[in-house]
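Reader: I am new to protein structures and would like to go through this one slowly, with each term explained as it comes up. Please begin with whatever I need for reading strands.

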Amino acid sequence: MNISDPTETFRQEARELLDELEAGLLDLEQDPSNSDLVNSTFRALHTIKGSGAMFGFTAVAEFVHEFETAFDQVRKGQTQANAALIGVALDAKDHIHLLIESPDAKISGGDEILTNLRAIVNGDTGAPKTEPAPAPVHEKSAEPAPKAETATWRLEFYLPSDALIYGTNPFLLLEELAEIGPVTITALTDRVPDLAVLDPETPHIGWRIDLEADDPTAAIEDVFLFLRDNMELSLSRLDTPSLLAQEADDTQKPVEANRVEDEPASIATTPQPPAARNKPVAAADTADRAAASSLRVPAERLDELMDRVGELVIAQARLSQIAGLSSDTALKTIAEELERLSSGLRDTTMGIRMVPIGTLFGRFRRLIHDLSSELGKPIEFITAGEDTELDKTMIERLADPLVHLIRNSIDHGLESADKRAAAGKPAKGVVRLSAVYSGAEVAISVTDDGAGLDAARIRAKAEENGLITLETKLTDQELYHLIFAPGFSTAKKVTSLSGRGVGMDVVKRTIDGLRGTIDVTSRPGEGSTMTLRLPLTLAIIDGMLVRVGNGRYTIPLAAVEECVELPEGIEAHAKGRNFLDIRGALVPYLRLREVFGTKGESEPHQKVVIVSSGEGRVGLVVDQIIGNNQTVIKQLSKLHSGIKSFSGATILGDGSVALILDTAHLVAAGQGYVDRNLTGRAA
């Protein structure tokens, strides 16, 4: 992708505007009388139309113009924003997206959408409204339509200093103004500087426009909707002065041209010396600084930056190791300074890559809306923890798994309104999507208040598919996880939503690829919860380096709770597992020597590193705790990807490789031992 390509820039901005438009429409469905939502939706349409015309997307501009005309009646209070209007408006938004992404393709359906839109805003009668749509096109030579009090108005304006840089075309603005009524346009060249100091990217020409209309204030506001705050603009009626600038909000404080009170037919500006004319006004300076506060950067460059930072961290670790073996004080000082700088650079780079998960959650509102309509199930969608941040790579790869989980909850989990009423539940089902930090992980949960998982039905289907036998004994958790098997589905018939056994398999494979785990809990008649536990990042972490035998391993530091001595006198051969009493809490521990098959005698004073994942804890017995280090995560090869105890590898300062322990898997192994022992004792 070429970031300097203007059409690609338009597409990127249009995608963001379409997301805002969709969110605004969905909010408007819940709160139809909210004028702020109506205005924000109208502004999004207006921006897409103007930008589309500017970059040559004429089909987009024409379609959005009709869309905007119909929606303008909602803004004026002539039509209510009901569910039917929102549904057609969402279809129109999808059509705009297709027109933008495939401008050369023949895309049908637009005329039908606009016909439905007009029918709804006209009360389904098809009769035209008494008030025509705004901004009709007039020929300059044609006589204006008779109006109650047609008058002559004078408009003078100078564009902001950055208008041309951001793609504003003054001639398109003049064409829109000409559509208001008969006009006479005069260029104001008093601010054009000498050629030697002229900046070609700064608009120096102003415009004086005399137009005939009853009251053009609202139409002019629409034309300059996104330039108004930082431009010089004044409007006066030639017989009765009435400046548009005075009607602006005081907090915006736009720069206005001075008006000569005793000469209402003319507008004078404060004279400026040539040097001052080249300088942007104060308001424009503020806008420039605000625009410079954010920058659009291709994702590939962030990935490359993270790779370079990772290599820097490895080189810094090697320098620190060499400095530790040297008696050169200057070398140690440089190593410490480089370690501090590389650590700060790592944190800054990681912060750039971290994205609030709310950007992902917002996408599912439309999915819920469409599924609710398709299945006839009223649904309340609740989100929590939108500020929780994840690596951008994780966010991108989580979209498909969450779509499948939400569809599964709605299609399989939530009952119909009749069945919910019979069960004493509210007719509207609830789907809750939440995210929360949990140690070194982020836990993302999809919860519904439906019928819950049917364990008997799952087992019967698993036996039918040959996944288990009649004699196989499984806990509820193990049984629930069978729904993630390839081709597994309990649906009675194949529909457009489910029945092929593909979706949950996609969820499992994607989460495994992200080094995450899935927890499933369910209560019959009360609902189910699917929890995805994922590492915060796939790039660089703080790690604790430990030694087991002659091998060195890294434990994610965020998962470490504490380190204790292994008490003397504990049986050394307890089948690799045992329990510790940590301040009254029973914590299982795993001897990593036995887990990894390490040969040789163990150290006389072994250490136990207590790690956690979710609600579980386990102790990892090691021979030595070496210290903390910055760990650059390298993915294991496909040959080793099936080894569950490790989530990756890292390169140490001496060039050797240390495997990174998968704490979630080890905690699950330790907790499984607890469950089996407690069950055996109860029996």
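Author: Two strands pair if DSSP finds at least two bridges between them, and both helices (H or I, at least four residues) and strands (E, at least two) are DSSP runs, numbered from the N terminus. This is a predicted model, in which local features need pLDDT of at least 70 and side-chain atom pairs count only at pLDDT 80 or more, while totals for chains, interfaces and linings use all residues. Residues are numbered from 1 along each chain as its sequence is written, and side-chain values use heavy atoms, with hydrogens and water left out.

Reader: What pLDDT does the chain average?

Author: The quantity pLDDT is the predictor's confidence in each residue, on a scale from 0 to 100. In this chain, 81% of the residues score at least 70, and the average pLDDT is 78.

Reader: Over which residues does pLDDT stay under 50, with 27 contacts beyond four places in sequence?

Author: Where pLDDT is low, the predicted coordinates should not be read in detail. A contact means heavy atoms within 4.5 Å, and the stretch that has 27 of them beyond four places in sequence, with pLDDT under 50, is residues 125–148. The pLDDT is also below 50 in a stretch that has 70 contacts beyond near neighbours in sequence, namely residues 241–292.

Reader: How far apart are the end C-alpha atoms of helix α3?

Author: The expected span of a helix is 1.5 Å times one less than its number of residues. Helix α3 covers residues 58–75, so its 18 residues should span 26 Å, and this agrees with the distance between its end C-alpha atoms, which is 25 Å.

Reader: Which helices do the buried residues of α3 pack against?

Author: A residue is buried under 20% relative accessible area, exposed over 50% and partly exposed in between (1.4 Å probe, protein chains only). The buried residues of α3 include V60, F63, F67 and F71, and also E68 and D72. The helices that the buried residues of α3 pack against are α1 (6–30), α2 (35–54), α4 (83–101) and α5 (110–121).

Reader: Which helix gives the largest share of the largest nonpolar core?

Author: A nonpolar core is a set of buried Ala, Val, Leu, Ile, Met, Phe, Trp, Tyr and Cys residues joined through side-chain atoms within 4.5 Å. The largest such core has 45 residues, among which L398, L402, L433, I444 and L532 touch the most other members. Its largest share, eight residues, comes from helix α14.

Reader: Is S434 buried or exposed?

Author: S434 lies in strand β8, which covers residues 429–438. Not counting residues up to four places away in sequence, S434 touches F361, A384, A443, I444 and S445. Its relative accessibility is 18%, and therefore S434 counts as buried.

Reader: Which strands are at the edges of the open sheet β6-β8-β9-β11-β10?

Author: This sheet has five strands and its pairing is mixed. β10 and strand β11 (residues 527–535) pair in the antiparallel sense over seven bridges, and the bridge partner of V520 in β11 is M530. The edge strands, each of which pairs on one side only, are β6 (379–384) and β10 (517–523).

Reader: At about what angle does α14 run to β9?

Author: Axes are lines fitted to C-alpha atoms, for helices over the stretch in contact, and angles run from 0 to 180 degrees between N-to-C directions. Helix α13 (residues 364–375) lies across β6 and β8, at about 165 degrees to β6. α14 lies across β6, β8, β9 (441–448) and β11, and its angle to β9 is about 25 degrees.

Reader: Which residue stands opposite L545 in β19?

Author: Strand β12 (residues 540–548) belongs to an open sheet of five strands with mixed pairing, in the order β19-β12-β13-β21-β20. β12 and β19 run antiparallel and are joined by eight bridges. The residue of β19 that stands opposite L545 is G627.

Reader: In which sense do β13 and strand β21 pair?

Author: β13 (residues 551–556) is joined to β12 by six bridges, and these two strands run antiparallel; they form a hairpin with two residues between them. In β21, the bridge partner of Y553 is L659. Over two bridges, the sense in which β13 pairs with β21 (residues 657–661) is parallel.
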